[in-house]
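Trainee: Could you walk me through this structure slowly? I would like to learn how to read its parts one after another.

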Amino acid sequence: MRSDDLGEPTPDGPRLRPLSARSVVLSLLLGTHPPELPARELGRLVEGFDLGGSTLRAALSRMVAAGDLRRTDIGYRLSDRLLERQRRQDESVRPRTRSWHGEWELVVVTATGRGPAERAELRTRLAGLRLAELREGVWLRPANLDRPLPAALDEVAERGTARPARPAAELAARLWPLDAWAGEARELLGHVGRTGRPAERLTLFAAAVRHLLADPVLPPSLLPAGWPGDELRAAYADYRRELEGEVRSLVGGSRPHAGGGGEGRRP
């Protein structure tokens with residue numbers, strides 16, 4: 001879900017506003033494996049969001065021109081540059097972890113002479129790896145994720161492991177706004193059972209996926225009591241299962257499973 005899809009909190013929902021035609025299409029394809037849908041079925045799937053045929057066709061044309069989608073013999077498919085986004089969203093629902101023995105991943109940015117855009121892009125990449133910035137150019141996190149750091153980081157940074165002297169729970173609380181994250185997750189969970197309209201559920205679970213992408217996935221010993229991360233993942237997993245039946249029924253059961261993408265879909 002893009003930041004411009006977020007509004008101010010309302011009595012009926014947590015900072016949500018209706019999604020654009022582009023967001024609805026991306027939601028479907030980001031949650032479909034492989035990420036491709038026939039044009040006719042895509043049109044039928046978006047009917048519940050009051051998107052007319054002309055609106056959908058215009059959105060698809062713009063997305064192809066912008067490099068979001070590729071036109072195929074079957075219909076429309078995510079472009080290669082969005083496949084990494086799909087991978088990250090899938091991982092946010094099922095993060096791979098390992099036992100933690102006190103070590104922290106450490107990345108120290110050493111490259112100099114980079115422009116603002118390059119620095120911002122690197123910060124986004126490091127945050128996407130669930131690292132947090134202790135001070136400018138110094139990023140770290142507990143070494144409990146079962147994933148390697150990209151080799152390309154060696155071109156701009158030194159990486160390794162460390163055992164900080166500061167107590168681990170204290171350091172984690174300094175690096176991530178854990179209470180704020182948990183509070184918003186509980187707010188989203190509180191609206192799951194009260195949100196029934198397809199467009200509302202689309203937007204709600206879009207926000208849920210976006211929020212899960214920001215979960216630091218810390219070792220349990222470093223989390224506040226009652227951490228709602230697993231509960232939010234379970235709610236979204238239930239939503240994905242609801243969507244499988246609808247998508248499969250429209251494409252004749254010939255496709256591999258599909259679930260809700262990063263920007264949500266209707267039940």
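**Strands, helices and a pocket**

Mentor: Let us begin with one pair of residues, leucine 106, which stands opposite leucine 140 in strand E6. Please keep in mind throughout that this is a predicted model.

Trainee: OK, and which strand pairs with E6 there, and over how many bridges?

Mentor: That is strand E4, residues 104-109, which pairs with E6, residues 138-142, in the antiparallel sense over five bridges.

Trainee: What about E4 and E7, how many bridges do they have?

Mentor: E4 and strand E7, which covers residues 157-162, pair over six bridges, and the sense is antiparallel. You can follow this pairing in the picture, since tryptophan 104 stands opposite alanine 162 in E7, and glutamate 105 has threonine 161 of E7 as its bridge partner.

Trainee: In what order do the strands of that sheet come?

Mentor: The order is E5-E6-E4-E7, and these four strands form an open sheet with antiparallel pairing. The edges are E5, residues 132-135, and E7, each of which pairs on one side only. From one strand to the next, the twist averages 30°.

Trainee: Which helix lies across E4, E5 and E6?

Mentor: That is helix H6, residues 168-175, which runs at about 100° to E5 as it lies across those strands.

Trainee: Switching topic, what is the order in the sheet with three strands?

Mentor: There the order is E1-E3-E2, again as an open sheet with antiparallel pairing. Its edge strands are E1, at 36-38, and E2, at 69-71, and each pairs on one side only. The average twist in this sheet is 25° from one strand to the next.

Trainee: And how many bridges join E1 and E3?

Mentor: Three bridges join E1 to E3, residues 75-78, in the antiparallel sense, and within E3 it is glycine 75 that is the bridge partner of proline 38.

Trainee: Now the helices. At what angle do H1 and H3 cross?

Mentor: The axes of H1, residues 21-30, and H3, residues 53-66, cross at roughly 75° and come within 9 Å. That makes H1 roughly perpendicular to H3, because angles of 65 to 115 degrees count as roughly perpendicular.

Trainee: Which residues make that contact?

Mentor: H1 contributes Ala21, Arg22, Val25 and Leu26, while H3 contributes Thr55, Leu56, Ala59, Leu60 and Met63. Sorted by class, the contact of H1 with H3 has seven nonpolar residues, one polar and one charged.

Trainee: How do H4 and H8 cross, then?

Mentor: The axes of H4, residues 80-93, and H8, residues 198-213, come within 9 Å and cross at roughly 85°, so H4 is roughly perpendicular to H8. The contact is made by Arg88, Gln89 and Ser92 of H4 together with Val209, Leu212 and Leu213 of H8, and by class it has three nonpolar, two polar and one charged residues.

Trainee: Last topic: what is the volume of the largest pocket?

Mentor: The largest pocket has a volume of about 1,200 Å³. Of the 38 residues that line this pocket, the closest to its centre are Arg88, Thr124, Ala127, Gly128 and Leu213.

Trainee: Which helix gives the largest share of the lining?

Mentor: H4 does, with eight residues of the lining of the largest pocket. At least two residues of that lining are supplied by each of H4, H5 (116-128), H7 (178-192) and H8.

Trainee: And how do the residues of the lining divide by class?

Mentor: The lining of the largest pocket divides into 18 nonpolar, five polar and 15 charged residues.

Notes
Residues numbered from 1 in each chain as written. Predicted model: local features only at pLDDT ≥ 70, side-chain atom pairs only at ≥ 80, totals over all residues. Heavy atoms only, no water. Pairing = 2+ DSSP bridges. Axes fitted to C-alpha atoms, helices over the stretch in contact; angles between N-to-C directions. Parallel < 35°, antiparallel > 145°, perpendicular 65-115°, else oblique. Contact = heavy atoms within 4.5 Å. Nonpolar A, V, L, I, M, F, W, Y, C, P; charged D, E, K, R; others polar. 1 Å grid on protein atoms, 1.4 Å probe; cavity = no way out; pocket = protein on both sides within 12 Å on 5 of 7 lines; lining within 4 Å. Points joined across faces, edges and corners; volume = space filled by probe spheres on them.
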